[in-house]
Amino acid sequence: MTRRVGAANASVAAEYGVPCLADADLVLEQSRGRLQLRDTRPGAPGPIWADFPAPASDRRLRAGRGLLLARACGVRKGRPLPCVLDATAGLGHDAWALAGLGCLVTAVERDPVVSALLRDGLARARAEAPDTAARLELVHDDAVRVMTPGRFWDVVYLDPMFPDVGATALPGKEMQYFRALLPHARDDAGLLDRARACATGRVVVKRARLAPPLDPRRDADVTFEGKSVRFDVYLA
Ligand SMILES: C[S@@+](CC[C@H](N)C(=O)[O-])C[C@H]1O[C@@H](n2cnc3c(N)ncnc32)[C@H](O)[C@@H]1O
């Protein structure tokens with residue numbers, strides 16, 4: 001079912017290019033010094049926003065190069081840090097973790113509301129973690145349009161939405177919002193092919209641990225398996 005999504009007032013609408021709606025199911029609003037998305041329906045979970053913690057307080061960054069995501073992306077001691085295209089940025093948890101490890105990250109998000117949350121989160125993070133923030137570039141577009149022939153990154157990272165997969169790496173509340181916000185999100189078959197054409201080192205695909213591979217035509221070259229997710233790595 002399609003949810004009505006809109007900005008709470010004209011200034012939020014103008015700044016983020018989202019329509020102003022008085023009776024939105026999901027409302028984009030400024031609150032407590034941040035931009036947040038709030039589900040107005042009875043019984044809905046509390047709001048979500050992009051939260052980029054300072055490196056020192058981020059459990060994932062403390063895990064450093066041992067982080068499964070980092071290993072899947074080939075971040076290793078003694079090796080140059082890869083430039084990464086995160087083609088499905090979402091709320092930027094993975095992009096921020098990679099930027100925190102020193103990678104230069106371009107994070108692409110096509111949904112205007114998610115993209116607005118990301119922009120606001122990064123603006124706030126610049127004060128707390130300027131070095132990490134400087135390594136993260138946000139692009140609001142469809143990644144298929146960004147991965148044009150002749151553009152290259154060491155690593156292209158994909159964590160797309162799969163409506164029927166069940167388990168996911170996102171926390172429960174965020175996933176509820178994503179399902180409501182992006183109800184028709186589906187696998188874009190072109191994404192992996194484009195990623196392969198643009199990755200000079202590897203394509204890394206995050207999947208629910210028991211989900212089928214994104215590409216039934218080819219097995220991953222390497223898989224890094226965690227408790228609830230796995231990373232399928234396709235070497236270039
Ligand atoms: C599961 S979330 C990603 C979560 C993210 N890895 C994180 O750490 O927060 C998937 C996101 O990818 C976005 N997305 C899916 N296909 C896309 C595409 N072709 N271009 C850009 N963004 C896309 C969706 O809008 C959604 O926000």
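Two strands pair if DSSP finds at least two bridges between them. The model shown in these views is predicted.

**View 1. Strands β1 and β2 pair in parallel.** Strand β2 covers residues 26–31. Three bridges link β2 to β1 in the parallel sense. A7 takes part in this pairing: L28 in β2 is its bridge partner.

**View 2. Three strands form an open sheet.** The strand order is β1-β2-β3, and the pairing is mixed. Strands β1 (5–7) and β3 (34–39) are the edges. Each of these edge strands pairs on one side only. Between neighbouring strands of the sheet, the turn averages 30°, direction ignored.

**View 3. Helix α5 lies across the sheet strands β1, β2 and β3.** The helix spans residues 112–128. Its direction runs at about 145° to β3.

**View 4. Helix α8 packs on the sheet.** Helix α8 touches β1, β2 and β3. The directions of α8 and β3 make an angle of about 75°.

**View 5. M175 sits in helix α8.** The helix runs over residues 172–181. Is M175 buried, exposed or partly exposed? It has 14 C-beta neighbours inside 10 Å, so M175 counts as partly exposed. A buried residue would need 20 or more such neighbours, and an exposed one would have 12 or fewer.

**View 6. M175 and A7 are shown together, 168 residues apart along the chain.** Their C-alpha atoms are separated by 20 Å. M175 belongs to α8, while A7 has its bridge partner, L28, in β2.

How values were computed
Residues numbered from 1 in each chain as written. Predicted model: local features only at pLDDT ≥ 70, side-chain atom pairs only at ≥ 80, totals over all residues. Helix = DSSP H or I, 4+ residues; strand = E, 2+ residues; numbered from the N terminus. Axes fitted to C-alpha atoms, helices over the stretch in contact; angles between N-to-C directions. Contact = placed C-beta atoms within 7 Å.
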